[in-house]
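Dear colleague,

Please find below the structure I promised to pass on, followed by my notes on what turned up in it. I would be glad if you read the notes with the coordinates open beside them.

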Amino acid sequence: MTDTLSTPTFTVAQERRIVSAIPGPKSQELHQRRLAVVPTGVSSALPIYIARANGAILVDVDGNQFVDFGAGIGVTTVGHTEKAVVAAAAEQLQDVIHTLFTITPYEEYVRVAELLAEHTPGDHAKKTVLVNSGAEAVENGVKIARKHTGRRAVAVLDHAYHGRTNLTMAMNYKAMPYATGFGPFAGDVYHAPNSYPYRDSLSGEEAAARTIAYLEKVVGASDLACLVAEPIQGEGGFVVPAEGYLAALQEWCTANGVVFIADEIQSGMARTGAYFASEHFGLVPDLVLSAKGIAGGLPLAAVTGRAEIMDSAQPGGLGGTFGGNPVAAAAAIAVFEQIEKGALLAHGARIEKALKPALENLQQKYDIIGDVRGIGAMIAIELVQPGTGQTTKTPNPDAVNAIIAYAAQRGILFLNAGTWGNVLRFLPSLAVSDELIADAVSVLDDAFAAL
């Protein structure tokens, strides 16, 4: 960590260490047990079984230590087993584990709602419903928007990912593996073209005009309840839209009575150097969806929005058995406190400063790196076939898979992403040090050379 930021105390040495084959014998044994009782649909990127985690390090059952550049796909943003989060959850476990907020409420739920009202974009009156997962937050956001507007249609953007429930499968851009064979799906979902600067070369104004033309001609503004957009697309490949694109969409939505929903499930909670990525684009969404990093690893998600929109639902229309569980809510309060106390917003900016230029240097060496993009601790490189980076930009998923496999054998865990599987994404916790970043880039350089 840099001297200007607080340095956490770690219980696991923050270094990679390989002491066995990958996967090791204990992981292999566990994997055989898993194959007998867990369906193949619940797949794993790498069959290493984790016994312990702390900071930016995962320790498997064989004693190997991996630098984690996935963070549970953006969940452990404050770091694995962050001590304040663990302490808050442990204390709450001694008091109340569950009562169901819609029967007998408790302060922790209220406090999380207050914190979200304070930290989501905009100074208008806001209210929050807490649920269990990102997909559930999306479902509830759409439900609330439909109730508020009295309209039926839902618009999403190309290359988006929103979940694995019935409605969210219909909202995803990519069918395989998330939706193939699982239909029929919810109707009245429309996929509009997005802004993808590397591939469409459009300005924000041009891309917004294209999106709006689709919404007006194919859907019709008078039938559109909401537009759901990830400020930075996650599974779609960390696509950062062109400047002005999202602001133009929000302006159009406001003018036409369409609820603008920012899906901040992956990009929110300090990951990009701001509480929510919307802030980088000057957005003040009508509804903001939170999940993943909000509770430091415990299951919690939220829909936060304008009070008049959130109050559209009738009493009993929102909620769920485990939504806003006291233990998860206590952990979320600790996460908010750590973001402030630990200067974690600055850590997001630090990680970008350490990682992005290093990846741009690799881009100069290897022509299969077509694009380097992202903000904060949400950075990606898009890989293309050799010699096509400035022409056809032909996706190169095989290279991504080879690099992930190479790095894993050496103690670095990366994730893929993108519609074509050709994006290597870097989604570390904010606890990752500059030294670990440099180490990972060194391994990455070797992996590219080995190709």
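Phe426 is buried in this predicted model, with a relative accessible area of 2%, and Phe414 is likewise buried, at 5%. The two rings have their centres 5.1 Å apart and their planes at 70°, so the pair is edge-to-face, since planes over 60 degrees apart count as such. This pair links distant parts of the chain, with Phe414 in the loop between strand 13 (412-413) and strand 14 (415-417) and Phe426 in strand 15 (residues 423-426), 12 residues apart. Together with Phe69, the residues Phe414 and Phe426 form one aromatic cluster.

Leaving aside neighbours within four places in sequence, Phe414 is in contact with Phe69, Ile404, Ala407, Leu424, Phe426, Ala440 and Leu444. Both Phe414 and Phe426 also figure in the largest nonpolar core, which has 91 residues and in which they, with Ile381 and Leu444, touch the most other members. Helix 11 (residues 326-341) gives the most to this core, contributing nine residues. Apart from it lies another core, of 33 residues, and among its members are Val219, Val258, Phe281 and Ala417. As general background, nonpolar side chains in soluble globular proteins tend to be buried together.

Turning back to the rings, the count of aromatic pairs comes to nine. One of these joins Tyr106 and Tyr109, whose ring centres are 6.5 Å apart and whose planes stand at 75°, so this pair is edge-to-face. Tyr106 is buried, with a relative accessible area of 10%, and Tyr109 counts as buried too, at 9% relative accessibility.

Two charged side chains also sit over rings. The charged end of Arg199 is placed over the ring of Trp420, 4.8 Å from its centre, while Lys393 lies over the face of Tyr198, at 4.4 Å from the ring centre.

As for the sheets, strand 13 belongs to an open sheet of four strands, with the order 1-2-3-13 and mixed pairing. Strand 1 (50-54) and strand 13 stand at its edges, each with a single partner strand, so one side of each is left without a neighbour in the sheet. Strand 13 pairs with strand 3 (residues 65-68) in the parallel sense over two bridges, and within strand 13 it is Leu413 that stands opposite Asp68.

There is also an open sheet of seven strands, again with mixed pairing, in the order 4-10-9-8-7-5-6. Here the edges are held by strand 4 (126-131) and strand 6 (189-192), each of which has a single partner strand, so one side of each is left without a neighbour in the sheet. From one strand to the next, the twist averages 20°. Strand 9 (residues 287-290) and strand 10 (residues 301-306) pair in the antiparallel sense over four bridges, and the bridge partner of Leu287 in strand 10 is Gly305. Helix 4 (residues 107-119) lies across strand 4, strand 9 and strand 10, and runs at about 130° to strand 4.

With best regards

Key. Residues numbered from 1 in each chain as written. Predicted model: local features only at pLDDT ≥ 70, side-chain atom pairs only at ≥ 80, totals over all residues. Heavy atoms only, no water. Core = buried A, V, L, I, M, F, W, Y, C linked by side-chain atoms within 4.5 Å. Buried < 20%, exposed > 50% of the residue type's maximum accessible area, 1.4 Å probe, protein only. Contact = heavy atoms within 4.5 Å. Phe/Tyr/Trp six-rings, centres within 6.5 Å; stacked < 30°, edge-to-face > 60°. Lys NZ or Arg CZ within 6 Å of the ring centre and 35° of its normal. Pairing = 2+ DSSP bridges. Axes fitted to C-alpha atoms, helices over the stretch in contact; angles between N-to-C directions.
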